[in-house]
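The exercises that follow ask for a careful reading of a chain and its coordinates. Each one sets a task and then works through a solution step by step.

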Amino acid sequence: MGFTRGGKDVIKPHPHQGKVKPFEPGDPKVPLDRKAISTLESGKPYQVCFVLFGYILLQQLLLALQTQIQSGTSGRGLVVQDVHAPTNVVWERILDYNHYAQMVPNTLDSKNYNIIHHKNGQQTIFTRMKVGFSLIKLTFYVKHEYIPALSSLTWTLDYTRKSDFDDSCGYWYVMAHPDNPKEWSRVYYSVEVSMFDWVPKFVVQFMSTKALTDATGWVKKFSEMEYAKMKKTDTTKESKGTEQTTTTTTGDKRKRRGWFMNRRKRQQERDDDDDESTCASSDEEEEECSVTPAEDKTTKKKTKPAANSDATTKPTGGYAQYYALVASVIVLSLYNVHTYFSAS
């Protein structure tokens, strides 16, 4: 938050450099009893509230009714939630600050204004956020410290800019689920908020209680939705790959089948040529050669035996030639006899 001087925005710093104690990154080491495990298995969040009030540490499970003891206008709680999505998918949702307005309840706007990359994948992310309630809207600036080596993200206010929150700090811890580490995650979330006196009490109650379960709720919802899309995409790719392989195999079979069919066709054409040659070389089978090439080979096979059976009794044309030859011999003999007697 700032004001304008000479046409330029002047950023005002926060009134102080931090009142609440920041969270330490790493495993929170919160013991989970049978009731807690049963609650998580049912899909509900397990909430533990730690509030220092007269040196008493209060731990309670909140199910239907969400309550939390507060000290003045601040309070701190922790929520555990099982998510049916891998840790990398969960972290993608948590770190997607530019789209919090589409995912997080009561968030009107969220945008990163600076990101600093460190070694080992560690990042410092500065984000401007705006939340809205009945008749009130609050803007605040957050400094996030993402530490992949510890599976954690912690945050405080960015004290170089003035926020509508007096102070705030928070914590994310995401671990692989002990029952299904490859596909499930167990998420821990904690936040402490301190408001100015002018902020309505219901806003303080919301930020320190309902915001806890809302936070893990939206992470669970959108992480599982994203993971479902990923699995569907992978299934579709595998299906397409299988279909392509099947198509290729079928194509190869068709090619081989086509080769054999062509080979049979070529052999059939050679057989037809041989049949035509046989017909052309035999005068006795002249009538059989009149069969057109378009006729079925089966018809030809049926015709040949008929020709062969007729060949045993000699065709009519063969007898005519034989009788003509005999008659010629007889006429020639008679002519010779007549010539002989005439000469004598």
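**Exercise 1. A group of charged side chains**

Does arginine 93 count as buried or exposed, and at what relative accessibility? Having settled this, identify the salt-bridge partners around arginine 93.

Solution. The model is a predicted one, and the values used here are computed from it. The cut-off needed for the first step is that buried means under 20% relative accessible area. Since arginine 93 has a relative accessibility of 13%, it counts as buried. The second step is to look for an acidic partner: arginine 93 forms a salt bridge with glutamate 92, and the closest N and O atoms of the two are 4.0 Å apart. Glutamate 92, at 42% relative accessibility, counts as partly exposed.

Continue with a second salt bridge, that of lysine 220. Its partner is glutamate 224, with 2.8 Å between the closest N and O atoms. Because lysine 220 and glutamate 224 are four residues apart in helix H3 (residues 201-280), about one helical turn separates them. Lysine 220 counts as buried at 17% relative accessibility, while glutamate 224 counts as partly exposed at 25%. Returning to arginine 93, salt bridges with shared partners join Glu92, Arg93 and Asp96 into one network.

**Exercise 2. A salt bridge across the sequence**

Which parts of the chain are linked by the pair of lysine 19 and aspartate 166, and how many residues apart are they?

Solution. Begin with the contact itself, a salt bridge in which the side chains of lysine 19 and aspartate 166 meet at 3.3 Å, N to O. The pair links distant parts of the chain, for lysine 19 is in the loop between strand S2 (8-11) and helix H1 (34-41), aspartate 166 is in the loop between strand S8 (152-157) and S9, and the two are 147 residues apart. Next, compare their surroundings: lysine 19 counts as exposed at 56% relative accessibility, whereas aspartate 166, at 7%, counts as buried. By the rule applied here, the count of salt bridges in the model comes to six.

**Exercise 3. Classifying ring pairs**

Why is the pair of tyrosine 113 and phenylalanine 126 tilted?

Solution. The count of aromatic pairs comes to eleven. For tyrosine 113 and phenylalanine 126 the ring centres are 5.9 Å apart and the planes lie at 40°, so the pair is tilted. This pair links distant parts of the chain, with tyrosine 113 in strand S5 (residues 107-117), phenylalanine 126 in strand S6 (residues 123-133) and their positions 13 residues apart. Tyrosine 113 is partly exposed, its relative accessible area being 28%, and phenylalanine 126 counts as buried at 12% relative accessibility.

A second pair offers a contrast in geometry. The rings of phenylalanine 196 and tryptophan 198 have centres 6.4 Å apart and planes at 10°, so this pair is stacked. Tryptophan 198 itself is exposed, with a relative accessible area of 52%.

Two further steps complete the aromatic picture. Arginine 161 lies over the face of tyrosine 113, at 4.1 Å from the ring centre. Elsewhere, ring pairs link Tyr97, Tyr100 and Trp218 into a cluster.

**Exercise 4. A covered strand and its neighbour**

How many residues of strand S10 (residues 185-194) are buried?

Solution. Counting along the strand, ten of the ten residues of S10 are buried, so that S10 is mostly covered. Separating the two faces, Ser185, Val187, Tyr189, Val191 and Val193 are buried on one side, and Arg186, Tyr188, Ser190, Glu192 and Ser194 are buried on the other. The pairing is examined last: ten bridges join strand S9 (residues 167-176) to S10, and the two run antiparallel. Within this pairing, alanine 176 stands opposite serine 185 in S10.

**Exercise 5. A surface patch and a buried valine**

Which residues make a nonpolar surface patch of about 540 Å²?

Solution. The patch is made by Tyr322, Tyr323, Val326, Ile330 and Leu334. Taking one of these, tyrosine 323 has its place in helix H5 (residues 316-343) and counts as exposed at 54% relative accessibility.

For contrast, consider valine 104, which lies in the loop between helix H2 (87-94) and S5 and counts as buried at 16% relative accessibility. Finally, the C-alpha atoms of valine 104 and valine 219 are separated by 8.4 Å, although the two residues are 115 residues apart along the chain.

Conventions:
Residues numbered from 1 in each chain as written. Predicted model: local features only at pLDDT ≥ 70, side-chain atom pairs only at ≥ 80, totals over all residues. Heavy atoms only, no water. Patch = residues over 30% accessible without salt bridge, like charges linked within 9 Å, V, L, I, M, F, W, Y side chains within 5 Å. Areas by Shrake-Rupley, 256 points an atom, 1.4 Å probe, with all protein chains shown as cover. Buried < 20%, exposed > 50% of the residue type's maximum accessible area, 1.4 Å probe, protein only. Pairing = 2+ DSSP bridges. Phe/Tyr/Trp six-rings, centres within 6.5 Å; stacked < 30°, edge-to-face > 60°. Lys NZ or Arg CZ within 6 Å of the ring centre and 35° of its normal.
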